[in-house]
Amino acid sequence: MDYVHGYSPREALRLTDQANTLVELLHHDTLYPTGSVVLEAGCGVGAQTITLAKNSPQAQIVSVDLSPASVSAARALIEREDISNVTFHVGDIFALPFEPERFDHIFVCFVLEHLPNPCEALRCLKLYLKPGGSITVIEGDHGSAYFHPDSQAARQAIQCLIDLQANLGGNSLIGRQLFPLLQEARFKEIVVSPRMVYVDASKPVLVEGFTKNTFTAMVEGVRGQALAKGMIDPETWDKGISDLYRTAARDGTFCYTFFKGVAIK
Ligand SMILES: C[S@@+](CC[C@H](N)C(=O)[O-])C[C@H]1O[C@@H](n2cnc3c(N)ncnc32)[C@H](O)[C@@H]1O
């Protein structure tokens, strides 16, 4: 799969930083009942799997990803944490190796933004959900990033990531579209809640974990691709990244909004 963030060790670390920093904001209400079977589609290196498994120790989590290397990393992580309620499979959301209506719940996080056909993905996943079962979808929206001090160069660098992801068929502005996508896939009782991250110097964990190690690291990761495609000149790029780090200073602030949608089949 051509995937804008790639599968490097640094990206694996970034996904883990992102997940650890956002656990409370995104997952305080991700809880599955005893005995339920939950499909995690696109589990990556297991960054969210840990929280799913720990938050719902009496549920069975079945985690799937297209990338065998990511599934191996996720499996190793879960074993290291001594968690026993997760099983892993390599598989494609569009052709999963499960019988229809096998799952009580489905969880998808930061996956639809990389797919050219997110609605089709939701429709495929729906086949594996029991009637009355729930789907939870979490996505970001890079258009929701604003910060102080503001910087034209930083906004240009972010735009490079948005454009690169779009060139690969993805959509990093997908958060705002969760409601219509779930509607189009004919889910019911759709509730989308915006989850805003606001960072200032009084929240040092978020300054490190979110502004620097999640968001800026993510933009920084596409430097080579942005320059190779001539989307931006190196000076503007470097200033943009340095201005993003500048928002993590004592007098800086950073805002970003994730969207969490929950709906019923
Ligand atoms: C940004 S990562 C997110 C991983 C994890 N959900 C998280 O939040 O840390 C996106 C993952 O989706 C996986 N993916 C993309 N298309 C897929 C597909 N068609 N079927 C299964 N997994 C897919 C990729 O391999 C990648 O591991």
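These exercises work through the fold, two helix pairs, some single residues and the ligand shell of one predicted model.

Residues are numbered from 1 along each chain as its sequence is written. Because the model is predicted, local features need pLDDT of at least 70 and side-chain atom pairs count only at pLDDT 80 or more, while totals for chains, interfaces and linings use all residues.

**Exercise 1. Describe the overall fold of the chain.**

Step 1. Count the elements. The chain has nine helices and eight strands. Helices (H or I, at least four residues) and strands (E, at least two) are DSSP runs, numbered from the N terminus.

Step 2. Check the size. The C-alpha trace spans about 55 × 35 × 35 Å along its principal axes. A compact globule of 265 residues would have a radius of gyration near 18 Å, and the chain agrees, with 18 Å. The radius is taken over C-alpha atoms, and the globule rule is 2.2 Å times the number of residues to the power 0.38.

Step 3. Assess burial. Of the 265 residues, 45% count as buried. A residue is buried if 20 or more other C-beta atoms lie within 10 Å of its own, exposed if 12 or fewer, and partly exposed in between, with C-beta atoms placed from the backbone.

Step 4. Look at contact range. Among contacts with a separation of 6 or more, 79% join residues 24 or more positions apart. Two residues are in contact if their C-beta atoms, placed from the backbone, lie within 7 Å.

**Exercise 2. Classify the packing of α9 against α7 and α5.**

Step 1. Choose the descriptors. Two packed helices are described by the angle between their axes and the distance between the axes. Axes are lines fitted to C-alpha atoms, for helices over the stretch in contact, and angles run from 0 to 180 degrees between N-to-C directions. Angles under 35 degrees count as roughly parallel, over 145 as roughly antiparallel, 65 to 115 as roughly perpendicular and the rest as oblique.

Step 2. Take α7 (residues 204-220) with α9 (residues 234-246). Their axes come within 10 Å and cross at roughly 175°. The two helices are therefore roughly antiparallel. From α7, Lys212, Thr216, Val219 and Glu220 meet Ile241, Leu244 and Tyr245 of α9. By class, this contact has four nonpolar residues, one polar and two charged. Ala, Val, Leu, Ile, Met, Phe, Trp, Tyr, Cys and Pro count as nonpolar, Asp, Glu, Lys and Arg as charged, and the others, Gly among them, as polar.

Step 3. Take α5 with α9. Here the axes come within 7 Å and cross at roughly 105°. This pair is therefore roughly perpendicular. From α5, Ala153, Ala154, Gln156 and Ala157 meet α9 residues including Trp237, Ile241 and Leu244. The contact divides into six nonpolar, three polar and two charged residues.

**Exercise 3. Locate the backbone features in three loops.**

Step 1. Find the cis bond. The peptide bond from His148 to Pro149 is cis, with omega near -5°. Pro149 sits in the loop between β6 (146-148) and α5 (152-167).

Step 2. Examine Asp82. This residue is not a glycine, yet its phi is positive, about 60°. Asp82 belongs to the loop between α3 (68-80) and β3 (86-90). With 6 other C-beta atoms within 10 Å, Asp82 is exposed.

Step 3. Examine Arg186. Its phi is also positive, about 65°, and Arg186 is not a glycine. The loop between α6 (178-184) and β7 (188-200) holds Arg186. Arg186 counts as exposed because it has 12 C-beta neighbours inside 10 Å.

**Exercise 4. Are Leu182 and Ser172 buried or exposed?**

Step 1. Leu182 lies in helix α6. It has 24 C-beta neighbours inside 10 Å, so Leu182 is buried. Beyond neighbours within four places in sequence, Leu182 contacts Leu122, Phe187, Ile190, Gly261 and Ala263.

Step 2. Ser172 lies in the loop between α5 and α6. It has 21 C-beta neighbours inside 10 Å, so Ser172 is buried. His142 is 30 residues from Ser172 in sequence and 5.9 Å away in space, C-alpha to C-alpha. Outside four places in sequence, the contacts of Ser172 include Glu113, His142 and Leu161.

**Exercise 5. Characterise the ligand shell.**

Step 1. The ligand is surrounded by 21 residues, the closest being Gly42, Gly44, Ala47, Leu66 and Ile93. A residue is near a molecule if its C-beta atom, placed from the backbone, lies within 6 Å of it.

Step 2. The shell divides into 13 nonpolar, six polar and two charged residues.
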